[in-house]
Amino acid sequence: MDFASWLISTVSRALAFGVPLLWGTLGEIYAERAGVVNLGVEGMMILGAFMAFAVSQSTGHPGLGLFCAALIGGVAALLHAFVTVTIRANQYVSGLALSMFGLGLAGLLGRGWEGKPLGNTLPTLTIPGLSRIPVLGPMLFQDQTILTYLGIFLAVVLWLLLFRTRWGLAIRSVGENPSTADSLGINVTLVRYLCVFFGGLLAGVGGGYLSVAYRPAWTEGMTAGMGWIVIALTIFAAWDPLQALWGAFFFGALYHLSYRLQAYLAPELLKLMPYLFAIVVLAISGLGGARWRRRAPGALGLPYVRGER
Amino acid sequence: MKRILAVMLAVVALGVLAFSAEKIKAGFIYVGPIGDYGWSHAHDVARRIVDEKFDWLETIYVEAVPEGEVETYIDQLVRQGCNVIFTTSFGFMDGTLAAAERYPNVIFAHCSGFKRNANMATYMADFYQVYYINGLIAGALTKTGKIGYVAAFPIPEVKRHINAFTIGVREVNPKAEVHVRWIYEWFNPAAAKEATEALIAEGCDVFAFTEDSPTVVQVAAEKGLPSFGHYSPMYDFAPDYVVSGQLVHWEKIYEDFLVKIYNGFYTTKNLAHVDYWWLLSQGAVEVGAKPGMVINPKYEAALKNYVINHPAFGKISVYELVFIRLNQMADPGITFDPFQGPVYDRKGRLVVPEGMWMSYDALITMEWAVEGVVGPWPGEP
């Protein structure tokens, strides 16, 4: 196998596998930037996966399926927002509950949809002209769905929004110091609701990608832990949408390589690689990472009560 | 006195009547969700078949039971009145045995294990013959000489399947290789997908697998490559690309076992040596893309045109060879086994001498890799 073929398959697969992680991570970054940890990503993704499949299957429109996936992810996130922002319950417990609830509900609703092949899948694109470029063409401009490019575009837009606009400033200040934000006239509750809802929308799309594009079928538990990787990637990206881009695709590449390299290295070790990476990231961010600690939203995980400190 | 006698007689008669008309209430414990489209799904399909077939049978089930908690669920089923309990995962073995000792009046049957008791039998429907037949077909269809195999765990069961498959491949295509990738999970569609993509990147052009999702079939079909379904009929996922596959009929075993209990042949006292190891000849497994379709008609011509010079049958097409081998193994007087000696492992050691077959014990503890298998092989002797 020559170098070019390795490069092509690794990059191309990294993009394809990275998509659900990227969408999920971008959403979680926004929720956490506003100060709300949502461990329910796994649940929102699986609900999105089910919804996207069910709607695409019954209407024949995968685009509509993804739209509904976003909605159900958003609705599930609103539940979390209500419990954590309005009732001010523990964010971690509520998020875990949401994950379990999502997995259970999707499994229940999905009973009759199990094992059916999807007629209309989200098409893979071959970009005219660009796909002809040697190496770069097959690497970047073939076999990807619209969500790959949309996700990259979204990462850039969300970065601009977060760091270059007043809205972004409002979101960050709510996550950093809600009482100050409140005193400046920012509606903390509204901002948190919106960010958590937005996070749910993106997680829903990420899940939907799995069932209408990545592996077009519905199977119970098909997200298989991706939601938890999203949580780790959010920290790895230091709550920065552009770094999420690298994180998601780097993880995708590791995941692909763990199968590609099996012929040369012990498969047990390779299988560990992506997860080892997640643990290492968390350890670095937890231990040495003054940089990380500085960048974590100050009020992350804390409910906001007006007048309390 | 006469009256008392009459009453006593009536009581005894009623008792006998009640006993002979006794219903069986069978409880099934599944390790996965019944919607997994693999292992647990197949057991549940079988449960529904026997439930409908016999009016003296009532069945209930619990799904997605963690392996360590099987005893709790057995307690629950016993409380609900089950007198026969099936536990359908290897990991349930010790829990089932412990429960069998606690409930001597309940009949237990454990799938895929090796521990038995007076009231606990074991059963398994194995695919190795079916994989061998699929291997014959795969060997004739590959153009690159590389066949991809996505495998769950490097355990004897899966190794046996890969070896049988590879023996089939090499019988019709002695230079072909079977490239193996392990995903270390029974069910993980994303892992199965990336493993398949990795094999495609290595140049594999025909696919088989042992894991619990139709992922490999779907990914191969996207690239226009043929594959073999596993466990449940996967023809509908890719009608143009699923050539054949492995199908299971657990209901054959459940039916046989339950009828024998109903007839009083199996009791809580005589199961210590009851071990079902059912194969093609008992109809517990089937070769096919879906029931009744041994070979997808789209591939018939290619297999008929692939003619080899076979050491036993002379000039023969692979299509004919498939059915000859199938008949040899499906016939109750089995006249062929895939692991018929001489078989060499890939390190060149003779593992089955000329003219010999492997014993059941040797089959279920198989660790070596046969010639033609390429890729990592954890635990290789």
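Two strands pair if DSSP finds at least two bridges between them, and this rule underlies the first of the close-up views described below, which are all taken from a predicted model.

**View 1. Strand β10 of chain B and the two strands that pair with it.**
Strand β10 of chain B spans residues 242-248, and seven of its seven residues are buried. Strand β9 of chain B, made of residues 227-231, runs parallel to β10(B) and is joined to it by five bridges; within this pairing, B:Phe228 stands opposite B:Ser244 of β10(B). Strand β12 of chain B, made of residues 285-287, pairs with β10(B) in the antiparallel sense over three bridges, and here B:Val248 stands opposite B:Val285 of β12(B). When looking at such strands, it helps to recall that in a regular strand the side chains alternate between the two faces of the sheet.

**View 2. The surroundings of B:Asn119, a residue in a loop of chain B.**
B:Asn119 lies in the loop between β4 (107-111) and β5 (120-125) of chain B. Is this residue buried or exposed? B:Asn119 has a relative accessible area of 2%, and because buried means under 20%, B:Asn119 counts as buried. A polar atom of the B:Asn119 side chain lies 2.9 Å from the backbone oxygen of B:Ala100, and a polar atom of the B:Asn119 side chain also lies 3.0 Å from the backbone oxygen of B:Tyr103. Leaving aside residues up to four places away in sequence, B:Asn119 touches several residues, among them B:Pro104, B:Val106, B:Ile107, B:Phe108, B:Thr268 and B:Leu271.

**View 3. The interface of chain A and chain B.**
At this interface, 29 residues of chain A are in contact with 33 residues of chain B. The two chains bury about 2700 Å² between them, and 58% of this area is on carbon and sulfur atoms. Across the interface of chain A and chain B, 13 residue pairs are found in polar contact, with both residues at pLDDT 80 or more. On the side of chain A that touches chain B, α1 (3-33), α11 (241-260) and α12 (267-286) of chain A each supply at least two residues. The residues on that side of chain A divide into 14 nonpolar, six polar and nine charged. Three salt bridges are also found across the interface of chain A and chain B, and the side chains of B:Glu202 and A:Arg260 meet in a salt bridge with an N to O distance of 3.1 Å.

**View 4. A:Ser258 in helix α11 of chain A.**
A:Ser258 has its place in helix α11 of chain A, where A:Ser258 is buried, with a relative accessible area of 3%. Not counting residues up to four places away in sequence, A:Ser258 touches A:Leu270, A:Lys271 and A:Met273.

**View 5. Salt bridges within chain B, seen at three sites.**
Side chains of opposite charge can pair when their charged atoms come close. Over all chains the count comes to 23 salt bridges, and the following pairs are taken from chain B.

At one site, the side chains of B:Arg47 and B:Asp44 meet in a salt bridge with an N to O distance of 2.8 Å. Both B:Arg47 and B:Asp44 lie in helix α2 (residues 39-53) of chain B, three residues apart, which is about one turn of the helix. B:Arg47 counts as buried at 9% relative accessibility, and B:Asp44 counts as buried at 2%.

At another site, B:Lys159 forms a salt bridge with B:Glu367, and their closest N and O atoms are 2.5 Å apart. This pair links distant parts of the chain, 208 residues apart, since B:Lys159 is in helix α6 (residues 156-172) of chain B and B:Glu367 is in the loop between α12 (360-364) and β17 (373-374) of chain B. B:Lys159 is buried, with a relative accessible area of 0%, whereas B:Glu367 is partly exposed, with a relative accessible area of 28%.

At a further site, the side chains of B:Lys304 and B:Glu300 meet in a salt bridge with an N to O distance of 3.6 Å. Because B:Lys304 and B:Glu300 are four residues apart in helix α10 (residues 300-305) of chain B, they are separated by about one helical turn. B:Lys304 is partly exposed, with a relative accessible area of 40%, and B:Glu300 counts as partly exposed at 24% relative accessibility.

**View 6. A network of salt bridges that includes A:Arg13 and B:Glu194.**
Salt bridges that share partners join A:Arg13, B:Glu194, B:Glu197 and B:Lys223 into one network.

How values were computed: Residues are numbered from 1 along each chain as its sequence is written. Chains are lettered from A and ligands numbered from 1 in the order in which they are written. This is a predicted model: local features need pLDDT of at least 70, side-chain atom pairs count only at pLDDT 80 or more; totals for chains, interfaces and linings use all residues. Side-chain values use heavy atoms; hydrogens and water are left out. Buried means under 20% relative accessible area, exposed over 50%, partly exposed in between (1.4 Å probe, protein chains only). A polar contact is a pair of N or O atoms within 3.5 Å; within protein, one must be able to donate a hydrogen and the other to accept it, and residues adjacent in sequence count only if both atoms are side-chain atoms. Contact means heavy atoms within 4.5 Å. Buried area is the accessible area (1.4 Å probe) that two parts lose on being put together, summed over both. A salt bridge is a side-chain nitrogen of Lys or Arg within 4 Å of a carboxyl oxygen of Asp or Glu. Ala, Val, Leu, Ile, Met, Phe, Trp, Tyr, Cys and Pro count as nonpolar, Asp, Glu, Lys and Arg as charged, and the others, Gly among them, as polar.
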